[in-house]
Amino acid sequence: MPSRGGGHLSALAVPTRYLQLERSVTSDRVLVIMFTRPGCAFCEALRREHLLPMQAALKRLSAPESPVRQSPSDFAFEPAASKRLTLGELDLTSRKPFEVSPGITPAVVARWQTHGQALAASLQIRLTPTLAFFGAKGEVAERLVGYGSPDFYGAYLEQRIEAALTAARA
């Protein structure tokens with residue numbers, strides 16, 4: 001299986017361009033970023049047990065013929081909400097710069113910083129895993145820090161996402 005940094009099979013998207021970040025938070029969209037670091041076993045467990053199944057459910061739910069929920073792993077999202085949510089991850093130790101595209105303004109660069117490490121530092125994120133929820137107006141829900149109670153984590157995650165989607169729509 002390829003390494004995490006080079007295209008891990010079934011991995012979460014890793015934003016590499018400012019344009020990706022900005023498109024994920026337009027109008028009523030929410031971007032959920034898991035801040036991680038190399039070797040973080042809790043990050044891998046969170047990715048495997050919650051985020052990858054959620055990503056697969058969002059993909060299924062965004063299909064036009066999809067019912068509201070096909071299985072318990074589909075969480076409690078309506079198909080319309082699945083089109084408003086993007087999952088991704090950033091290494092909080094990475095200094096690889098985000099790519100600049102035409103039309104990217106200094107305000108966009110200031111918002112997202114220059115790379116994952118700078119963004120994490122600007123948000124004072126030091127622990128992994130940390131999930132942050134971004135909308136057009138910045139962070140739109142309380143962060144989830146750590147992965148200490150896997151039994152309840154799915155419920156906490158759903159609550160945060162619902163709060164983020166509601167806040168993004170306001």
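In this predicted model, the largest nonpolar core has 27 residues, and those touching the most other members are Val30, Val32, Leu131, Phe133, Leu157 and Ile161. Several parts of the chain come together here: β1 (30-36), α2 (41-61), β2 (85-91), β3 (130-135), β4 (138-145) and α6 (150-169) each give two or more residues to this core. The most generous of these contributors is α2, with 7 residues. A second core, separate from the one just described, holds 18 residues, including Phe35, Phe98, Ile104 and Val108. Such groupings fit a broader pattern, as nonpolar side chains in soluble globular proteins tend to be buried together.

The strands come next. An open sheet is formed by 4 strands, which can be followed in the order β2-β1-β3-β4, and their pairing is mixed. Because β2 and β4 stand at the edges and each has a single partner strand, one side of each is left without a neighbour in the sheet. The sheet is not flat in its strand directions: on average, neighbouring strands are turned by 20° against each other, direction ignored. Within the sheet, the pairing of β3 with β4 is antiparallel and runs over 5 bridges. As a concrete example to look for in the structure, Leu131 has Leu144 in β4 as its bridge partner.

Two helices can now be placed against these strands. Helix α2 packs on the sheet, where it touches β1, β2 and β3, and the direction of α2 makes about 160° with that of β1. Helix α6 also packs on the sheet, touching β1, β2, β3 and β4. The direction of α6 makes about 175° with that of β4.

The structure also holds 1 disulfide. This link joins Cys40 to Cys43, with an S to S distance of 2.3 Å. The disulfide is right-handed, because the torsion about the S-S bond of Cys40 and Cys43 is about 80°. Are these two cysteines buried or exposed? With buried meaning under 20% relative accessible area, Cys40 counts as buried at 14%. Cys43 is buried too, with a relative accessible area of 1%.

Finally, a word on confidence. The protein chain averages a pLDDT of 83, and 82% of the residues score at least 70. Residues 1-10 are another matter, as pLDDT stays under 50 over this stretch. For residues 1-10, the model has 12 contacts beyond four places in sequence. Where pLDDT is low, the predicted coordinates should not be read in detail.

Technical notes
Residues are numbered from 1 along each chain as its sequence is written. Side-chain values use heavy atoms; hydrogens and water are left out. pLDDT is the predictor's confidence in each residue, from 0 to 100. Contact means heavy atoms within 4.5 Å. A disulfide is a pair of cysteine sulfur atoms within 2.5 Å. Buried means under 20% relative accessible area, exposed over 50%, partly exposed in between (1.4 Å probe, protein chains only). A nonpolar core is a set of buried Ala, Val, Leu, Ile, Met, Phe, Trp, Tyr and Cys residues joined through side-chain atoms within 4.5 Å. Two strands pair if DSSP finds at least two bridges between them. Axes are lines fitted to C-alpha atoms, for helices over the stretch in contact, and angles run from 0 to 180 degrees between N-to-C directions.
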